[in-house]
Amino acid sequence: MGLRPTVVTKSRLEESNTRYAQGGIAAAVGPDDSPELHLLDTVRSGNGLVDRRAARLLTEEAPRRIADLVRLGVPFDTVEGQVALGREAAHSRSRILHAGGDATGLRIEETLRARAVAEGIDAQERTVLRRLERRGDALVATLARDDGSGVEETEGRPVVLATGGAGGLYQYSSNPSITTGEGIGLAFRGGARVTDLEFVQFHPTTFYHEGAPRYLLTEALRGEGAILRNEAGDRFLPQAHPAAELAPRDVVSRAIDQEMRRTGTPCVWLDATGIPRDRLFARFPTIVRFLSQYGLDPSRDRIPVAPAAHYTVGGVATDLDGRSSVPCLYACGESAATGVHGANRLASNSLLEGLVFGERVARQLLHPVPGGPPDPGRELLVPVVPGRGAALTSEEFAVVRNVLWEKIGIVRSGPGIRSALTTLEGIAAKVEPRSEAALPSPGANAVLTARLIATAAWTRTESRGAHWRSDYPRSDPAWRLHLGLVRAPARTKVVRRCQEGRARPTGRPPPPRAGPRRRR
Ligand SMILES: Cc1cc2nc3c(=O)[nH]c(=O)nc-3n(C[C@H](O)[C@H](O)[C@H](O)COP(=O)(O)OP(=O)(O)OC[C@H]3O[C@@H](n4cnc5c(N)ncnc54)[C@H](O)[C@@H]3O)c2cc1C
């Protein structure tokens with residue numbers, strides 16, 4: 001017998017990050033490529049933290065899952081009858097499949113949604129998952145209609161979180177506004193271990209126009225030959241990294257950030273004028289259309305760009321079949337942390353991660369085998385203290401987004417993170433529910449996720465991949481491990497040892513447990 005899932009989504013069925021993915025999906029399907037080379041690039045990007053077993057599955061299963069998408073009808077672009085393969089930063093081969101030029105996510109989402117509708121899969125739109133809790137042996141999910149018309153509990157059914165990342169918690173982000181990471185917060189609240197949340201990937205090139213939301217200009221543009229210039233028209237990436245514009249995202253984002261600070265400009269410029277016009281218009285039709293609204297033609301004009309929050313590397317810790325540390329709770333896609341991205345995701349590996357591990361979760365649900373996520377290298381108990389149960393106001397949400405951008409952004413430092421934690425805890429004291437029995441608001445779950453990101457950034461006293469601390473600018477071999485965060489049991493007196501060396505009781509995070517436990 002097959003599965004009879006119910007899909008619950010807080011917006012319309014189609015609204016998601018997936019819909020906006022531009023560049024494409026990585027898979028070793030070219031004649032000069034292999035899963036082993038894809039694995040090597042993935043491991044190299046992850047700065048010492050990639051879980052090799054997970055990344056091997058990702059890269060080996062990729063061609064089969066792409067074949068599934070083709071069978072389901074995703075119209076990948078072709079050249080002379082062969083699948084067209086693009087190149088992106090930190091990939092040693094051209095291995096990015098794309099569809100509709102730069103509309104890959106849209107084509108995948110449309111195809112899968114049409115198939116789900118044709119199969120009669122039950123879907124509840126505008127319904128928010130607000131709480132997960134264990135009652136005896138059962139996992140209970142509380143769902144609330146966003147028009148306030150009712151609350152429903154489901155009991156005894158497995159729950160698969162595919163709630164995406166937390167990029168929308170940042171003031172400047174490539175993500176749609178629904179991407180507030182609440183799935184991660186509510187899983188943590190329900191007892192699941194979350195991990196790697198300090199690694200927030202910033203995309204180097206989002207369109208900059210004062211007052212307008214950021215719009216992603218895919219890495220594939222640089223893959224096709226676009227370069228970055230400063231206000232004076234000079235290139236600055238070759239000085240930052242031998243791979244220049246095709247260096248890993250964290251390197252390019254930091255170099256842009258530094259150049260913007262040095263020159264006092266709010267952006268730098270992407271120069272795609274070296275790409276033949278026909279090629280540019282055929283490969284990036286959506287971007288060309290978008291820029292034309294601002295009177296810009298990328299075959300002629302330099303495009304103002306700045307980095308923005310893009311991808312949440314961490315999430316709910318899972319094993320290779322999507323199982324979390326809570327029985328019956330699974331996670332996949334951007335809300336999960338499988339370990340495939342290490343400290344920094346390789347471009348175009350995230351659509352792939354959802355595809356590969358989503359399929360593995362389905363197989364696991366059909367034919368369960370025991371397991372669970374491996375222990376992280378370090379585990380930290382984080383308390384959740386009852387608050388006044390108020391709703392998060394739009395002004396408070398703006399403060400959350402601003403504080404994450406300013407203090408837990410491309411470059412962080414201890415004092416900044418500490419002040420961010422103080423601000424976030426002040427807001428949490430207001431929006432956290434009054435008691436365990438009270439239903440948390442979606443705002444409370446989002447603020448909790450923001451606190452967890454800040455807590456992880458505070459605790460990891462080194463720089464690695466997408467986590468860059470100016471007060472600890474080097475990677476520390478002792479930190480070559482994952483940091484797991486787990487909710488402290490009620491009434492635990494948590495003691496934080498300050499960096500200055502004094503211990504005091506606090507609502508803030510304690511130090512990591514001494515010594516690595518087991519590496520993933
Ligand atoms: C502009 C842009 C371009 C990108 N380009 C690429 C690319 O070229 N290649 C690539 O590999 N990756 C790309 N990415 C990243 C990639 O799109 C995402 O990582 C991936 O699509 C995430 O898929 P997902 O299914 O995990 O989550 P999503 O697609 O974000 O879906 C999450 C869903 O969960 C729902 N939800 C969230 N919380 C709740 C809740 N509490 N209750 C009910 N429903 C909830 C949301 O409404 C949404 O429908 C891009 C991302 C962006 C924003």
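How far is the sulfur of Cys328 from the closest cysteine sulfur? Let me start there, since cysteines tend to come up at the bench. One thing up front: what you see on the screen is a predicted model.

So, the cysteines. The closest cysteine sulfur to that of Cys328 sits in Cys332, and the gap is 16 Å, which is too far for a bond. Turn it around and start from Cys332, and you land on Cys328 at 16 Å, again too far. A disulfide here needs the two sulfur atoms within 2.5 Å. The count for the structure, then, is zero disulfides. What about cover? Cys328 has 33% relative accessibility, so we call that one partly exposed. Cys332 has 12%, and because buried means under 20%, Cys332 counts as buried.

Okay, on to the ligand. There are 32 residues around it, and the ones that come nearest are Thr18, Gly24, Glu334, Ser350 and Leu351. Let me walk through a few polar contacts. Thr18 puts a polar side-chain atom 2.6 Å from an oxygen atom of the ligand. Thr9 also uses its side chain, with an N or O atom 3.2 Å from a ligand oxygen. With Gly23 the backbone does the job: a polar backbone atom there is 2.8 Å from an oxygen of the ligand. How much of the ligand does the protein bury? On its own the ligand exposes 1000 Å², and the protein buries 91% of that.

Which elements give two or more residues to that shell? They are strand S8, residues 127-135, strand S17, residues 303-312, and helix H10, residues 350-366. S8 gives the most, with three residues. If you sort the shell by class, you get 17 polar residues, 10 nonpolar and five charged.

Now let's move to strand S22, residues 483-487. Buried or exposed, what would you guess for this strand? Mostly covered, it turns out: five of its five residues are buried. Look at which way they point. Leu483, Leu485 and Arg487 go one way from S22, Gly484 and Val486 go the other way, and all are buried. Yes, that list of buried residues includes an arginine, Arg487.

Who are the neighbours of S22? One is strand S21, residues 378-382, which runs parallel to S22 and is joined to it by five bridges. If you want to trace the pairing, Arg378 has Leu483 as its bridge partner in S22, and Glu379 has Gly484. S21 is mostly covered as well, with four of its five residues buried. Another neighbour is strand S12, residues 194-195, which runs antiparallel to S22, with two bridges between them. There, Val194 stands opposite Leu485 of S22.

Last stop: Arg460. You'll find Arg460 in the loop between helix H13, residues 442-459, and S22. How much relative accessible area does Arg460 have? The value is 0%, so Arg460 counts as buried. And what does its side chain touch? The side chain of Arg460 makes a polar contact with the side chain of Glu462, at 2.7 Å.

To recap: zero disulfides, a ligand with 91% of its area buried by the protein, and strand S22 with five of its five residues buried. That's my tour, thanks.

Key. Residues are numbered from 1 along each chain as its sequence is written. This is a predicted model: local features need pLDDT of at least 70, side-chain atom pairs count only at pLDDT 80 or more; totals for chains, interfaces and linings use all residues. Side-chain values use heavy atoms; hydrogens and water are left out. A residue is near a molecule or strand if one of its heavy atoms lies within 4 Å of it. A polar contact is a pair of N or O atoms within 3.5 Å; within protein, one must be able to donate a hydrogen and the other to accept it, and residues adjacent in sequence count only if both atoms are side-chain atoms. Accessible areas come from the Shrake-Rupley method with a 1.4 Å probe; for residues, only the protein chains shown count as cover. Ala, Val, Leu, Ile, Met, Phe, Trp, Tyr, Cys and Pro count as nonpolar, Asp, Glu, Lys and Arg as charged, and the others, Gly among them, as polar. Buried means under 20% relative accessible area, exposed over 50%, partly exposed in between (1.4 Å probe, protein chains only). Two strands pair if DSSP finds at least two bridges between them.
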